[in-house]
Amino acid sequence: MEISILGDFNVHHQLWLFSPFTDHPGELAFNFAVLHDLEQLVQYPTCIPDCLGDMLNIPSAYAVTLSSPLNSSDHNLTSASYPISPIPPQDPQKRRCLWHFASASWGDLRRYFVDFPWDDYCFCVGKPSLCAERLTEMIVYGMEAYIPHSLSLP
């Protein structure tokens with residue numbers, strides 16, 4: 001579970017957001033954050049930027065929305081949300097292929113790789129991903145033909 005504490009608390013600490021001083025509420029807030037292993041998500045002031053290029057620094061897992069200030073505030077309304085999704089169901093356990101390399105027919109596999117028309121089947125396509133699929137397909141085909149194998153029970 002994650003708990004977020006959000007707000008503009010108007011407390012100051014020299015280690016937060018480049019504050020030039022530390023006040024008593026800032027010292028209390030800082031100690032509370034350290035004691036409870038809290039993380040500060042916003043690394044820059046939320047006030048309306050004075051400089052071109054000023055922006056918020058939020059961890060990428062958070063979706064951040066900036067809105068106009070409310071009333072006469074000089075701070076942007078900042079909303080950070082963290083997507084909570086259910087744990088995806090696990091795929092049913094698959095059978096594994098066990099290769100018996102000690103019993104392989106290495107000479108036949110070597111001849112298969114040498115004699116196969118790689119240029120005509122694999123390298124003639126324009127898409128690298130299709131070329132990779134075809135290469136994989138033919139390598140696995142050769143392995144299945146010349147290296148004994150069995151499937152494990154799930």
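**A tour from Cys131 outward**

Select Cys131, which at 13% relative accessibility counts as buried, since the threshold for that label is under 20% relative accessible area. Keep in mind throughout that the model is predicted. With Cys131 still highlighted, add Cys122: the sulfur of Cys131 has its closest cysteine sulfur there, at 6.0 Å, too far for a bond. Add Cys124 as well, whose sulfur lies 7.9 Å from that of Cys122, again the closest cysteine sulfur and again too far for a bond. Because a disulfide requires the sulfur atoms to be within 2.5 Å, neither distance qualifies, and the structure holds 0 disulfides.

Next, select residues 128–146, which form helix H4; at 1.5 Å a residue its 19 residues should span 27 Å, and the C-alpha atoms at its ends are indeed 27 Å apart. Which residues of H4 are buried? They are Cys131, Met138 and Gly142. If you look down the axis of H4, its buried residues fall within an arc of 40°, so they line one face of the helix. To see what covers the buried residues of H4, display helix H2 (106–115) and helix H3 (118–121), which are included in that cover.

Now centre the view on Met138. Apart from its neighbours within four places in sequence, Met138 is in contact with Tyr112, Phe113, Phe116, Trp118, Tyr121 and Cys122. Met138 also belongs to the largest nonpolar core, a set of 8 residues that you can select together as Ala104, Leu109, Tyr112, Phe116, Trp118, Cys122, Met138 and Ile147.

Move then to helix H1, residues 24–35, where the 12 residues should span 16 Å at 1.5 Å a residue, in agreement with the 16 Å between its end C-alpha atoms. Within H1, select Gly26, Phe30 and Ala33, which are buried; they cover an arc of only 65° around the axis, which puts them on the same side of H1. An α-helix has 3.6 residues a turn, so residues three or four places apart point the same way. Rotating to the face of H1 turned away from its buried side brings up the exposed residues His24 and Leu35.

Finally, zoom out and colour by secondary structure. The protein chain has 4 helices and 4 strands, and from the N terminus on its elements run α-β-β-β-α-α-α-β. Of its 154 residues, 14% count as buried, while the accessible surface comes to about 12,500 Å², with 59% of it belonging to carbon and sulfur atoms. Among contacts in the protein chain with a separation of 6 or more, residues 24 or more positions apart account for 42%.

Definitions and conventions:
Residues are numbered from 1 along each chain as its sequence is written. This is a predicted model: local features need pLDDT of at least 70, side-chain atom pairs count only at pLDDT 80 or more; totals for chains, interfaces and linings use all residues. Side-chain values use heavy atoms; hydrogens and water are left out. A nonpolar core is a set of buried Ala, Val, Leu, Ile, Met, Phe, Trp, Tyr and Cys residues joined through side-chain atoms within 4.5 Å. Buried means under 20% relative accessible area, exposed over 50%, partly exposed in between (1.4 Å probe, protein chains only). Contact means heavy atoms within 4.5 Å. Helices (H or I, at least four residues) and strands (E, at least two) are DSSP runs, numbered from the N terminus. The expected span of a helix is 1.5 Å times one less than its number of residues. The arc is that of the directions from the helix axis to the C-beta atoms. Accessible areas come from the Shrake-Rupley method with a 1.4 Å probe; for residues, only the protein chains shown count as cover.
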